[in-house]
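Please open the model in your viewer and keep the sequence at hand, so that each stop of this tour can be selected in turn.

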Amino acid sequence: MSRSIAGRFRARPHSNPLSDQKLDYPLSPQAMNWKTVFTASQLEHPVPEWLDLGCGYGGLLEALGPRFPQTHIIGIEIRPKVVDYVRDRVERLRTGAILPAQYTLPDPSAPAEQPKPAAAAKAQGKRYQRIQQDPNHRRAALPVPADLTPPPPPPLPAPMGTPILVGNPPAPYRWDNIAAIHSNGMKYLPNFFAKGSLSKVFVLFPDPHWKRHNLRRRIISPALLMEYAYVMREGGLMYTITDVDELHVWMDRCLAEHPLFERVPQQELEQDPCYALIWHSTADAERAVRKCLNKY
């Protein structure tokens, strides 16, 4: 009887990002040697352009890697055992010991899953709950008015009913453009990334930190958005998604009121190839589907 490999990397679901931890980080972005992270990269000096902030078990990294083989993507996670799991899985993917994850987009002809009765009753009392799928897709750009009126519900990701090509990447692909590091992105992000160096930042299903005195622990806040805008290039994209309506409203308000972010138009959003992946590629996204939770 064999034991599941995930059992070796069991970790607590929550971590205090404000606690003092023994973490290694460079003194400046110029002192960071990314070759020690992207050890399999063919480039002599690989530099990540996309960041998965709080990457969890690496589902998004695994989905993005083969679709964008020329882009180096880094995940930052505060839980050390989870980082060990991601590194072990990437290494096993490189050696062919395991197959990559496979999944399909929802078929629009199939009947939609209905929320649980408790969730449906909760939705009736929430202003933003009627937005079934609001991606909160952001980019660094000009100021916008602090109008939090949400746009019309976007259509389901396209193409419909067809697989996202993750299970069968091209033969030359070597899983050499994705990696994960153990660090605290809320404290040390400017130590790793130079000004304007990132074109995409993903914040998927962050910890909601429910209690009022813990709001300062949320990964999206007015103070931290200034740091994210610093490391992002002008026109860079920030993706946010959650299954918690209160957190959705919080993130929406913080981003809408910040002078360096604006909402991406719906037409541009539907043409973004990363849009569908943030809905279906992570363990939290699968959990939300199993529990019939809405995503925002």
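Begin with helix H9 (residues 283–290), where aspartate 284 and arginine 287 both lie, three residues apart, about one turn of the helix. Bear in mind throughout that this is a predicted model. If you show the side chains of these two residues, you will find a salt bridge between aspartate 284 and arginine 287, with the closest N and O atoms 3.5 Å apart. Aspartate 284 is partly exposed, at a relative accessible area of 31%, and arginine 287 also counts as partly exposed, at 24%. Add Asp243 to the selection, and you have a network of salt bridges that links Asp243, Asp284 and Arg287.

Next, select aspartate 252 and arginine 263, whose side chains meet in a salt bridge of 2.7 Å, N to O. Aspartate 252 belongs to helix H6 (residues 245–257) and arginine 263 to strand S7 (residues 261–263), so this pair ties together parts that are eleven residues apart in sequence. Are the two partners buried or exposed? Aspartate 252 is buried, with a relative accessible area of 2%, whereas arginine 263 counts as partly exposed at 26%.

Move on to helix H2 (residues 80–95), in which tyrosine 85 has its place. The relative accessible area of tyrosine 85 is 16%, under the 20% limit, and therefore this residue is buried. Glycine 58 is 27 residues away from tyrosine 85 along the chain, and the C-alpha atoms of the two are separated by 8.6 Å. Helix H2 also holds arginine 92 and aspartate 88, which are four residues apart, about one turn of the helix. A salt bridge joins arginine 92 to aspartate 88, the closest N and O atoms being 3.9 Å apart. Of these two partners, arginine 92 is partly exposed at 31%, and aspartate 88 counts as partly exposed at 23%. In the structure, the count of salt bridges comes to eight.

The aromatic rings come next.

A search of the whole structure finds eleven aromatic pairs. For one of them, select tryptophan 50 and phenylalanine 68, which form an edge-to-face pair, 4.8 Å from centre to centre and with 65 degrees between the planes. This pair links distant parts of the chain, with tryptophan 50 in strand S1 (residues 50–53) and phenylalanine 68 in the loop between helix H1 (59–67) and strand S2 (73–77), 18 residues apart. Tryptophan 50 counts as buried at 6% relative accessibility, and phenylalanine 68 is buried as well, at 18%. While tryptophan 50 is still selected, add lysine 200, which lies over the face of that ring at 5.3 Å from the ring centre. A further stop shows arginine 218 over the face of tryptophan 250, at 5.1 Å from the ring centre. You can then select Trp34, Phe38, Phe192 and Phe193, which form one aromatic cluster.

Now turn to strands S2 and S4, which pair in the parallel sense over five bridges. Along this pairing, isoleucine 74 stands opposite alanine 179 in S4. Strand S4 (residues 178–182) has four of its five residues buried, so this strand is largely enclosed by the rest of the structure.

Finally, show the whole protein chain, which has nine helices and seven strands. Of its 296 residues, 48% count as buried, and the accessible surface comes to about 15,400 Å², of which 55% belongs to carbon and sulfur atoms.

Technical notes. Residues numbered from 1 in each chain as written. Predicted model: local features only at pLDDT ≥ 70, side-chain atom pairs only at ≥ 80, totals over all residues. Heavy atoms only, no water. Phe/Tyr/Trp six-rings, centres within 6.5 Å; stacked < 30°, edge-to-face > 60°. Helix = DSSP H or I, 4+ residues; strand = E, 2+ residues; numbered from the N terminus. Buried < 20%, exposed > 50% of the residue type's maximum accessible area, 1.4 Å probe, protein only. Lys NZ or Arg CZ within 6 Å of the ring centre and 35° of its normal. Pairing = 2+ DSSP bridges. Areas by Shrake-Rupley, 256 points an atom, 1.4 Å probe, with all protein chains shown as cover. Salt bridge = Lys/Arg side-chain N within 4 Å of Asp/Glu carboxyl O.
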